[in-house]
Amino acid sequence: MKTLLFSYTTRILHFLFACFVLLAYLLSDTNSLLWLHSLFGICVLLIVGLRIFWFFVSEDGAKISSFDLKLSSLKNYVTNYFSFKNEKIRNPAASYSAILMWILAVLVSFVGLILIGAKYGSGIFGYLFLLDIDKHLIKEAHELFGNLLILVAFFHVAGVLGDNFLKRSDIAKAMFNGEMKVAQDKKISTFKNSSLIAFIVLSLTVLFGFYLGMVKTNIFFNSEISHQNYKLLAPTMVGECKECHLFYPPNVTSLETQMNILNDLPNHFGTDASLDNETLVKIINETKKLAPQKSPFRFEDLANSESIVKTNRWKHLHEEFDDGWFMENKVKKTNCKACHINFEDGSINPFELK
Ligand code: HEC
Ligand code: HEC
């Protein structure tokens with residue numbers, strides 16, 4: 001006889017977890033969609049949180065006690081694949097892979113939050129932006145956990161397919177209808193009417209996702225820590241240099257490049273931008289004072305007042321826009337603020353794009 005083992009809620013949580021992990025993974029290479037990648041990553045955390053709560057209040061099939069985490073069972077399962085009899089509702093391989101995936105999902109999401117904190121000053125770990133930490137190492141850890149998660153997920157799916165086709169079990173179908181044959185004769189509690197709870201879980205998750213996507217100043221994305229108030233820090237520079245164009249914050253190039261620009265104002269990118277000596281000295285002092293500030297997006301020494309947009313690095317970062325795009329949309333390449341909305345605060349990051 002088939003028993004209803006997995007309630008709607010359990011199945012919805014399973015399905016959402018798989019979707020969010022997959023979507024986050026697929027978006028991991030597109031920098032301009034980092035916000036969406038992060039959004040799915042945060043949703044993964046939410047789902048794992050709900051799932052842990054569900055361990056304790058759910059039907060027997062989803063409870064932590066339904067997992068078989070004995071190492072001897074795992075060994076037994078591997079060596080006697082075809083004759084293995086489950087002691088618990090889940091077989092040991094399924095139990096281990098599920099727990100491992102949840103742990104890895106929490107790790108990858110947390111390290112991801114640490115990474116955007118350290119790199120862009122974004123989110124709950126934004127204060128890390130002010131410290132000198134190795135972002136490369138954090139990135140490697142994030143990728144390692146992510147790849148491991150996908151690897152375990154792959155084995156998990158392979159295991160399900162194996163059970164389904166080699167052992168002709170109904171596990172694959174059970175993920176959709178929740179029903180499975182169970183050998184045990186002991187009574188298993190079921191949760192027949194959890195559709196309301198499932199609906200609430202689904203709606204709250206979707207609403208939460210939409211909130212994150214619409215309100216980019218949410219606590220996970222907000223990056224005010226990396227903003228500077230240059231009107232206060234460098235009033236003369238802001239006043240004078242904004243006469244003709246947007247304010248290029250001093251952290252966008254090296255001190256050397258800025259000094260070259262300031263020392264050659266009469267030949268300023270084809271224009272005469274000369275200043276009287278007193279103002280120039282003030283601006284030079286402001287520039288020097290601000291020089292040590294951190295910036296993850298500095299364009300290092302530009303040769304002879306070369307435009308930032310002529311550097312290979314800029315071209316590479318903006319590959320997705322060709323010259324035709326800029327013509328069509330009537331945006332000047334040098335008008336960084338057109339896309340990086342907080343550019344004049346010295347902040348460039350994928351959460352602050354137009
Ligand atoms: C008289 C007008 C004028 C003033 C004042 C002026 N600029 Fe410029 N600036 C220009 C023009 C014109 C360009 C080249 C066209 C463009 O990039 O929009 C330019 C380009 C730049 C660029 C290069 C952007 C790129 O393409 O990489 C920087 C940096 C810059 N200015 C900094 C400054 C600073 C710092 C000050 C204040 C000391 C300043 N400018 C004052 C007219 C001016
Ligand atoms: C047409 C829109 C647009 C314009 C104009 C533009 N950018 Fe970008 N920029 C993007 C997009 C999209 C990305 C990719 C997402 C990201 O990395 O933030 C990007 C990425 C960057 C990055 C990498 C940030 C990171 O993730 O490490 C830097 C630095 C940058 N831009 C600087 C500039 C500067 C400086 C200017 C002006 C000279 C400029 N951009 C003009 C759209 C634009």
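These legends go with a set of close-up views of a predicted model.

**View 1. The two domains, side by side.** The domain assignment splits the protein chain into domain 1, covering 2–224, and domain 2, covering 227–352. Taken over C-alpha atoms, their centres sit 44 Å apart. Where they touch, 11 residues of domain 1 are in contact with eight residues of domain 2. On the domain 1 side, H2 and H4 each bring at least two residues to that meeting place. Sorted by class, this side of domain 1 has four nonpolar, four polar and three charged residues.

**View 2. Inside the largest nonpolar core.** Here we look into a core of 43 residues, the largest nonpolar one in the model. Phe20, Val21, Val44 and Leu149 are the residues with the most contacts inside it. Helices H1 (8–26), H2 (34–57), H4 (92–120), H5 (135–165) and H7 (195–214) each chip in with at least two residues. H4 gives the largest share, with 10 residues.

**View 3. Leu149 and its company.** Which residues does Leu149 touch, once its neighbours within four places in sequence are set aside? They are Val21, Met101, Leu104, Ala105 and Val108. Val21 turns up again here, having been listed with Leu149 among the residues with the most contacts inside the largest core.

**View 4. Helix H4 from end to end.** H4 runs for 29 residues and spans 41 Å from its first C-alpha to its last. That is close to the 42 Å expected at 1.5 Å a residue. Just after H4 comes Gly121, with a positive phi near 75°.

**View 5. A second, separate core.** Away from the largest core there is another, made of seven residues. Met237, Cys241, Phe247 and Tyr248 are among them. Keep Cys241 in mind, as it is also one of the closest residues around ligand 1.

**View 6. Around ligand 1.** This ligand has 17 residues around it, and the closest are Cys241, Cys244, Phe269, Ser307 and Ile308. Helix H9 (235–241) and helix H10 (255–263) are the elements that give two or more residues to this shell. What is the shell made of, by class? It divides into 10 nonpolar, five polar and two charged residues.

**View 7. Around ligand 2.** Ligand 2 is surrounded by 22 residues, with Ser32, Phe297, Cys336, Cys339 and Pro350 as the closest. By class, this shell holds 14 nonpolar residues, seven polar ones and one charged.

**View 8. Arg168 in its loop.** Arg168 lies in the loop between H5 and helix H6 (171–177). Its phi is positive, about 55°, although Arg168 is not a glycine. Is Arg168 buried or exposed? It counts as exposed, because just 7 other C-beta atoms lie within 10 Å, and the cut-off for exposed is 12 or fewer.

**View 9. Lys330 and Val331, past helix H13.** Lys330 is found in the segment after helix H13 (323–328). Like Arg168, Lys330 is not a glycine but has a positive phi, here about 50°. Lys330 is exposed, with 7 other C-beta atoms within 10 Å. Val331 is in the segment after H13 too. With 14 C-beta neighbours inside 10 Å, Val331 is partly exposed. Apart from neighbours within four places in sequence, Val331 is in contact with Phe326 and Ala338.

Note on methods: Residues numbered from 1 in each chain as written. Chains lettered and ligands numbered in written order. Predicted model: local features only at pLDDT ≥ 70, side-chain atom pairs only at ≥ 80, totals over all residues. Core = buried A, V, L, I, M, F, W, Y, C linked by C-beta atoms within 7 Å. Buried ≥ 20, exposed ≤ 12 C-beta atoms within 10 Å, placed from the backbone. Helix = DSSP H or I, 4+ residues; strand = E, 2+ residues; numbered from the N terminus. Contact = placed C-beta atoms within 7 Å. Near = placed C-beta within 6 Å. Nonpolar A, V, L, I, M, F, W, Y, C, P; charged D, E, K, R; others polar. Expected span 1.5 Å × (residues − 1). Domains from an automatic or database assignment.
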